[in-house]
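Me: I would like to go through some of the labels used for this structure and ask what each one rests on. Please set the value against the cut-off each time.

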Amino acid sequence: MGETHSNPVYRVGFLYSVTGPYRAIAQDLYDGARMALAEVNQDDRFAFRLVPEFRDPAGVPERYTDFCESLIRRDGCRHIIGTITSLARKEVLPTVEKYDALLWYPCPYEGFECSENVIYTGANPNQHILPLFEYVIPKFGRRVYLTGSNYIWGWETNRIGRELIHACDGEVLGEKYLAIDSVDIDHIIEDIKAKKPDFILNNLIGNSSYAFIRAYQKLGAEDPEFAPSKRPIVSCNLTECELSQLGAAGVGHLSTAIYFANQTETDAENTAWLDRFHAFAGPDRIPSVFVAQGYATVKMLAESIRRGGTDDVQSVRHHLMRQPVETPFGNVRIDASNNHAALTPLIGQIGAGGWFDVVSRADHAIEPDPYLVHFDADAFRRKVGQGGHGNLRVVGG
């Protein structure tokens, strides 16, 4: 809640589980946010200060609601930035709607949601799994295996994946789920070994994903038919902050994101942002898309407050949608019809140096379509059938 003196202070709530099963992602998001907070509070263009009120739910769903209500009612936060899983986002959604606060959700998610009290700054299905499949199906084939953590993200992203596979006359060879944080993956590896899919869509998260990819590397060492160059694992949510957990096991596999630190083309703005990030976090730190998203979401909020002169939710929403905001992944505009961002998808392949090498990128920002109402199955079938890449421009690989 803004104060009445000449340099108002606006308290902003943060809900990031920097401990628990997806702590690496949460730490990157919060580090990006802290960098943006420091820049905003040192920049004379912003005639106010943003003060963070941070809570760590440790990945426990019930804590999100309690923390969210406390941040709004006790700490006076009109804006809550955070949650990572869709389970957590849906936990806090009734609270932010009840008090007419604004939740800023910075992660890729499965779509099929639209709330007036949420700003979705991460990719939705037509900006992650659709361009990913437009790239990998022509390259590897249409016989696909689906894995996922046993909650909303895994279920829904695999459901969309299944529909895309069926739309191009492909085949789902198997579909297996694990409880969040489970590493009991031997039965999945054995099933994949028996069925030999053309690629595996991995919607596991955290330790489950890391254990799966390490076990798949062992399978590839035993049988070259399962090398990443022949039968890769592809993901919509694997980023640089997790590559240290994988080491050599990740090399060659693919993921999609709206930002990779290792751009293959000269990008002066990205280079300048990387320099600022390394000055903030250290020269050896590789920023993932989650660092970029954590940073961008704070900057979008700050710019909207600056334009309207208040942190009032209606004013912020109005000014956010009037003009784009500069972010590490380009100028981002929020669509007033659905509160989602227009974003530019990239496809990255894990290299030996702990980076993703960009192998394909969209040639323009893709308008958000969270309910896939504009998806054309016949057009998708033609694209992958002709070996094309939709709106993606192949960079390499």
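Reply: Angles from 65 to 115 degrees between axes count as roughly perpendicular. The model here is a predicted one.

Me: Why are H10 and H11 called roughly perpendicular to each other?
Reply: Helix H10 (residues 289-308) packs against helix H11 (residues 313-322) at an angle of about 105°, and their axes are 8 Å apart. The range for roughly perpendicular is 65 to 115 degrees, and H10 and H11 are therefore given that label.

Me: Which residues of H10 and H11 meet?
Reply: On H10 they are Met 300, Leu 301, Ser 304, Ile 305, Arg 307 and Gly 308; on H11 they are Ser 315, Val 316, His 319 and Leu 320. By class, this contact of H10 with H11 has five nonpolar residues, four polar and one charged.

Me: What makes H1 roughly perpendicular to H9?
Reply: The axes of helix H1 (residues 23-42) and helix H9 (residues 268-281) cross at roughly 100° and come within 11 Å. With 65 to 115 degrees as the range, the crossing makes H1 roughly perpendicular to H9. H1 contributes Asp 31, Arg 34, Met 35 and Glu 39 to the contact, and H9 contributes Trp 273, Arg 276, Phe 277 and Phe 280. Four of the residues in the contact of H1 with H9 are nonpolar, four are charged and none is polar.

Me: How do you know whether Leu 164 counts as buried or exposed?
Reply: Buried means under 20% relative accessible area. Leu 164 has 4% relative accessibility, so Leu 164 counts as buried. The residue is in helix H5 (residues 152-167). Beyond its neighbours within four places in sequence, Leu 164 is in contact with Ile 129, Leu 130, Phe 133, Phe 375 and Phe 380. Phe 133 is 31 residues from Leu 164 along the chain, with 7.9 Å between their C-alpha atoms.

Me: On what value is Glu 113 classed as buried or exposed?
Reply: The relative accessibility of Glu 113 is 5%, so Glu 113 counts as buried. Glu 113 lies in the loop between strand E4 (102-105) and strand E5 (118-120).

Me: What makes the pairings of the Glu 113 side chain polar contacts?
Reply: The N or O atoms must be within 3.5 Å. The side chain of Glu 113 is 2.8 Å from that of Arg 89 in one polar contact, and 2.7 Å from that of Lys 90 in another.

Me: Which residues have the most contacts inside the largest nonpolar core?
Reply: They are Leu 50, Phe 133, Val 136 and Phe 212, in a core of 126 residues. H10 gives the most to this core, eleven residues.

Technical notes
Residues are numbered from 1 along each chain as its sequence is written. This is a predicted model: local features need pLDDT of at least 70, side-chain atom pairs count only at pLDDT 80 or more; totals for chains, interfaces and linings use all residues. Side-chain values use heavy atoms; hydrogens and water are left out. Axes are lines fitted to C-alpha atoms, for helices over the stretch in contact, and angles run from 0 to 180 degrees between N-to-C directions. Helices (H or I, at least four residues) and strands (E, at least two) are DSSP runs, numbered from the N terminus. Angles under 35 degrees count as roughly parallel, over 145 as roughly antiparallel, 65 to 115 as roughly perpendicular and the rest as oblique. Contact means heavy atoms within 4.5 Å. Ala, Val, Leu, Ile, Met, Phe, Trp, Tyr, Cys and Pro count as nonpolar, Asp, Glu, Lys and Arg as charged, and the others, Gly among them, as polar. A nonpolar core is a set of buried Ala, Val, Leu, Ile, Met, Phe, Trp, Tyr and Cys residues joined through side-chain atoms within 4.5 Å. Buried means under 20% relative accessible area, exposed over 50%, partly exposed in between (1.4 Å probe, protein chains only). A polar contact is a pair of N or O atoms within 3.5 Å; within protein, one must be able to donate a hydrogen and the other to accept it, and residues adjacent in sequence count only if both atoms are side-chain atoms.
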